[in-house]
Amino acid sequence: MNGIARDSVVEFFDRKFVYVFIALTTLASAVAVLSQPEIHVRMDGGLDAAPMADWLRNPVTKGLSLFLWFMVFLSVLATADLVPQMLTRGRADFYLSKPISRTSLLLSKVFGIWCVYGATLVICGLMLYILTVLRQGLFDWGAFYLFAFNLVIFFIWLSVITAAGVISRSGGMAILVAAVIWAAQALLSFREGIVNLGGSKSLGRVLDVFYYVLPKPGEIGELADALALGHAVASWQPVYSSLLFAAVGLIVAVVVFKRQSY
Amino acid sequence: MAAIEAKDLAKVYDSFRRKRSIVALDGVTLAIEPGEIFGLLGPNGAGKTTFLKVLLGITQPTTGTVTIANLPPSDPRSREEIGYLPENPHFPPYLTGLGLLELAGRLQGMPRADIGSRADHLLALVEMDRWANVKTRKYSKGMLQRIGLAQALMGDPDVLLLDEPTDGIDPVGKVAIRQVLERLREEGKTIVLNSHLLSEVEAVADRVAILSRGKLIRISSVEEFTRRASQFEVEADIGNQILEIPQDIGKIISISTRQMTVELTNDENINHVIDYLRLKKVSIRSVRPLKVSLERSFLETVAASGENAP
């Protein structure tokens, strides 16, 4: 690596956000350890092992999923201004005067941020999960789907805030764009209902286009939950289309970055 | 082969808010030779910093070409042998001085084994070794300039681009930086020095260029720049004698009992002046070409071009 990724590690530990991650993990761990699992089994017939296990692991999986959602949310807030700050006058001069291409500089920065914050997400999540496993006595490999898919979700958001940050050179604008996309994808998941409420067919087609173009981190989260609970996945389209959006976002960020003057 | 070459370089900033364009560089053509210390002068907004940024590829030119060691700025290899100290540096605030130099070394592609020793050497050179483990956010302006110079030197570059290197530095520090520059000159480095402190440029530069409103209005050696054409200062025991020289030779600009300044129609006519003084039995102590400070010459050049001085 050219030093940029390592630079991200130093920057991470310098920021106050690290304490927020620690606080969130401590709080979630306390809830996991102090909660009393109350299991009441009605012995009024034959006991089917599969639904029983599903019923038991559901709160654990849902709790871990919610925790990782918060971690991704905080990570997006924490990282939204990292690229714009790198491009501020005076600091950009330092990076851009070195013999490293702009493409390499930006992608190294994004990779470094993803690695550092992704590792934090996994470490905090694992700590919580191990504590829960020790407390509840239930271990399930399916939980690891949550880690993998939340890393994918963070990557998608990171590409969104990177592209918005490079174009606007503002962390606030990057968060705003991410919030608009999050609201849009949440709304578009109800597009059939919107059309049924009186919209025309053409509106339905427009909403379909937006649905397929925009990333769908919400649906990826549901998909991860389903996999963690051992259910089948109906369609991988949300993952493919969201990754495509993320890739296009990064390409746009690189193209704009290569043309900008600082 | 020139170390740095610019041809018809232009940079126009389009300002949508002000609904007008700002011409930062306007057809600049110049070549800087290897081993030369080149001073870049000009009033505020003349385009000096833009010129350095175009050389580095930080700013894209509107038209024209520029090469460093025959490579365009779009090629990252063109920056392998460049060290740059930006004006008003804002280094990553989370890095210590030592951390900044290590990052600069890694970005410069230095072997890992060499980075530590080189960083230690440069920290001592710019007298920042005591502050090596303090984060740059706590540095004063002068300390940022010192560590900025150190990071520019990290890869032992052949070409140094220094934008206001002594800005915010105390007089002792300025002398230290001047000594560093002189040492770098002895090592054969090419240095482009952008500074408002003209006495500093005069002390170290071989050639200077003046930019005004983006245009290159003069480029010459410091010697030519500071010398007044065919003007001489003569120290002699003139006393109360009334002296006159023929108009076809020149004229006396000023005269006192011990000194006079003459402006001649050409340099060779100084011999006629000397002969005339001997004839008048005036004892001559010294004759030297009249020089003015770079600052005065700069102000006159800029005033003649219709631009305000800094």
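**Helix packing, chain contact and local geometry in a predicted two-chain model**

Helices α6(A) and α12(A) lie oblique to each other, because their angle falls outside the ranges set for the other classes (under 35 degrees is roughly parallel, over 145 roughly antiparallel, 65 to 115 roughly perpendicular, and the rest oblique). The structure is a predicted model, in which local features need pLDDT of at least 70 and side-chain atom pairs count only at pLDDT 80 or more, whereas totals for chains, interfaces and linings use all residues. Residues are numbered from 1 along each chain as its sequence is written, chains are lettered from A and ligands numbered from 1 in the order in which they are written, and side-chain values use heavy atoms, with hydrogens and water left out.

In chain A, helix α6 (residues 102-136) and helix α12 (residues 237-259) pack at an angle of about 135 degrees, and their axes are 9 Å apart. Axes are lines fitted to C-alpha atoms, for helices over the stretch in contact, and angles run from 0 to 180 degrees between N-to-C directions. Helices (H or I, at least four residues) and strands (E, at least two) are DSSP runs numbered from the N terminus. The crossing of α6(A) past α12(A) is right-handed, that is, the near helix is turned clockwise from the far one by less than a right angle, an anticlockwise turn being left-handed. On the α6(A) side, Arg102(A), Thr103(A), Leu105(A), Leu106(A), Leu107(A) and Val110(A) take part, and they meet Leu250(A), Ala253(A), Val254(A), Phe257(A) and Lys258(A) of α12(A); contact means heavy atoms within 4.5 Å. The residues of this contact comprise eight nonpolar, one polar and two charged (nonpolar: Ala, Val, Leu, Ile, Met, Phe, Trp, Tyr, Cys and Pro; charged: Asp, Glu, Lys and Arg; polar: the others, Gly among them).

Elsewhere in chain A, Thr61(A) belongs to helix α3 (residues 49-79). Thr61(A) counts as buried because its relative accessibility is 8%; buried means under 20% relative accessible area, exposed over 50%, and partly exposed in between (1.4 Å probe, protein chains only). When neighbours within four places in sequence are left aside, Thr61(A) is in contact with Leu146(A), Ala228(A) and Leu229(A).

The contact between the two chains was then examined. Chain A contributes 27 residues and chain B 28 residues. About 2,500 Å² is buried between chain A and chain B, and carbon and sulfur atoms give 53% of this area. Phe94(A), Lys98(A) and Pro99(A) lose the most area to chain B among the residues of chain A, together 25% of what that side buries. Buried area here is the accessible area (1.4 Å probe) that two parts lose on being put together, summed over both.

The secondary structure of chain B consists of nine helices and 13 strands, and its C-alpha trace spans about 75 × 50 × 35 Å along the principal axes. Chain B has 310 residues, of which 50% count as buried. Of the contacts in chain B between residues at least 6 apart in sequence, 67% join residues at least 24 apart.

Helix α1 (residues 48-56) of chain B is mostly covered, with nine of its nine residues buried. Among them are Lys48(B), Phe51(B) and Lys53(B). Gly57(B), which follows α1(B), has a positive phi near 80 degrees.

A helix pair was also found in chain B, where the axes of α2 (residues 97-107) and α4 (residues 141-153) come within 9 Å and cross at roughly 25 degrees. This angle makes α2(B) roughly parallel to α4(B). The crossing of α2(B) past α4(B) is right-handed. Gly97(B), Leu100(B), Leu101(B) and Ala104(B) of α2(B) meet Ile147(B), Ala150(B) and Gln151(B) of α4(B), and the residues of this contact divide into five nonpolar, two polar and no charged.

Two residues of chain B other than glycine have positive phi values. Asp156(B), with a phi of about 45 degrees, is placed in the loop between α4 and β6 (159-163) and is partly exposed at 39% relative accessibility. Arg213(B), with a phi near 50 degrees, lies in the loop between β8 (207-212) and β9 (215-221) and counts as exposed at 57%.

Finally, Asn271(B) is found in helix α8 (residues 270-279) of chain B and is partly exposed, with a relative accessible area of 46%. Asn271(B) and Ala203(B) are 68 residues apart along the chain, and their C-alpha atoms are separated by 31 Å.
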